[in-house]
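Q: Please give a close account of one part of the structure shown here, and then set that part in its surroundings.

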Amino acid sequence: MKTIGLAVVAAALFAAPVFAAGENVIIDPPAEGSVSVEDGLSAWARVYEVASHPRCSNCHVGSDNRPMWSGPSYGKTRPHGMNINAGDSRIGVETIQCSTCHSYREGLNDTPHAAPQVAMNWQLAPVEAEWFGKSSVEVCNQLRDPDRNGGRDYLETASHLDHDLILHWAWNPGGGREPAPYDLQSHVNDVLAWGVAGTPCPDDE
Ligand code: HEC
Ligand code: HEC
């Protein structure tokens, strides 16, 4: 009985219409040479608005391994309550795993102040992708640096965005949380436009 129950739960999980990864956005970059540096910089400014938004930056933190609580639903900005520290593992194996509270159950994201949940491992982003409190210039340089961005070119970064269920949550967080600005498709389009323009950053010559 127990095994059957689990199998049913697992099947329901995979069958649920939870934003199937990889099927939600169209990757259609503008033609090579068709985006001016100026337009690329405008696209970048919007990409940064997203990256620096609490729904993204709360997890994109640095080597102190402490997730952040920030954004209107949190009142004042502070490190995650209950002394949560993700450790070098970035998933909390050293102390208490993120999945202890951030594990997926349908409907839970509708409850204010419940732990956000997605149908994949909840964990901090890599240290190299530290965005919290970082300037537009800093985040821009990190995202175009293959040594610090997971070795991805802009096309790979754009496609990667659709394969990440956490991102689908960030634009549809529920529970009174403010969603990230724009939407996933616009964000992907902006990453592509920025890339075709040659990944310009605001401090370039
Ligand atoms: C003991 C339960 C618990 C554990 C363990 C836990 N969290 Fe949380 N987390 C919460 C709760 C509850 C909230 C929401 C608090 C609120 O909205 O007031 C939250 C919110 C967050 C947020 C803010 C999300 C947003 O933008 O609204 C991040 C980021 C986060 N947790 C990351 C982590 C990471 C990374 C780990 C593992 C290292 C972790 N949490 C472990 C309970 C937990
Ligand atoms: C729950 C924590 C969490 C939240 C919230 C989150 N991310 Fe991430 N992010 C990760 C993890 C984990 C990785 C590394 C795994 C991967 O690349 O899929 C990552 C990697 C990335 C990468 C690859 C970056 C690089 O340089 O390696 C991008 C781009 C990214 N996230 C964008 C976003 C955006 C945009 C948002 C908000 C809309 C966001 N993330 C919100 C955890 C998070």
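By class, how many nonpolar, polar and charged residues does the shell around ligand 1 have?

A: The shell around ligand 1 has 15 nonpolar, eight polar and two charged residues. In this classification Ala, Val, Leu, Ile, Met, Phe, Trp, Tyr, Cys and Pro count as nonpolar, Asp, Glu, Lys and Arg as charged, and the others, Gly among them, as polar. The model is predicted, with local features requiring pLDDT of at least 70 and side-chain atom pairs pLDDT 80 or more, while totals for chains, interfaces and linings use all residues. Residues are numbered from 1 along each chain as its sequence is written, chains are lettered from A and ligands numbered from 1 in the order in which they are written.

Altogether 25 residues surround ligand 1, and Pro67, Ala86, Gly92, Cys98 and Cys101 are the closest. A residue belongs to such a shell if its C-beta atom, placed from the backbone, lies within 6 Å of the molecule.

The second ligand has a shell of 21 residues, of which Cys56, Cys59, Ala125, Asn149 and Ala170 come nearest. This shell comprises 13 nonpolar, six polar and two charged residues. At least two residues of it come from each of α2 (37–51), α3 (54–57) and α6 (165–170). The greatest share is that of α6, which gives three residues.

These helices belong to a protein with seven helices and two strands, where helices (H or I, at least four residues) and strands (E, at least two) are DSSP runs. Read from the N terminus, the order of the elements is α-α-α-β-β-α-α-α-α.

Besides supplying residues to the shell around ligand 2, α2 packs against α7 (residues 184–196), their axes coming within 8 Å and crossing at roughly 140°. The two helices are therefore oblique to each other, a term for angles that are not under 35 degrees (roughly parallel), over 145 (roughly antiparallel) or 65 to 115 (roughly perpendicular). From α2 the contact draws on Asp39, Gly40, Ala43, Trp44, Arg46, Val47 and Val50, and from α7 on His187, Asp190, Val191, Ala193 and Trp194; residues are in contact if their C-beta atoms lie within 7 Å. Seven of these residues are nonpolar, two are polar and three are charged.

Helix α7 also meets α5 (residues 154–161), with axes that come within 9 Å and cross at roughly 175°. These two helices are therefore roughly antiparallel to each other. The residues involved are Tyr154, Leu155, Thr157, Ala158 and Leu161 of α5, together with Leu184, His187, Val188, Val191, Leu192, Trp194 and Gly195 of α7. This contact has nine nonpolar residues, three polar ones and no charged residues.

Two loop residues merit separate mention. Arg90 lies in the loop between β2 (78–79) and α4 (136–143) and, although not a glycine, has a positive phi of about 70°. With 18 C-beta neighbours inside 10 Å, Arg90 counts as partly exposed, that is, between buried (20 or more) and exposed (12 or fewer). Tyr182, in the loop between α6 and α7, likewise has a positive phi, near 60°. Tyr182 is partly exposed because 17 C-beta neighbours lie inside 10 Å.

Over the protein, buried residues make up 27% of the 205 residues. Of the contacts with a separation of 6 or more, 67% join residues 24 or more positions apart.

Notes:
Axes fitted to C-alpha atoms, helices over the stretch in contact; angles between N-to-C directions. Contact = placed C-beta atoms within 7 Å.
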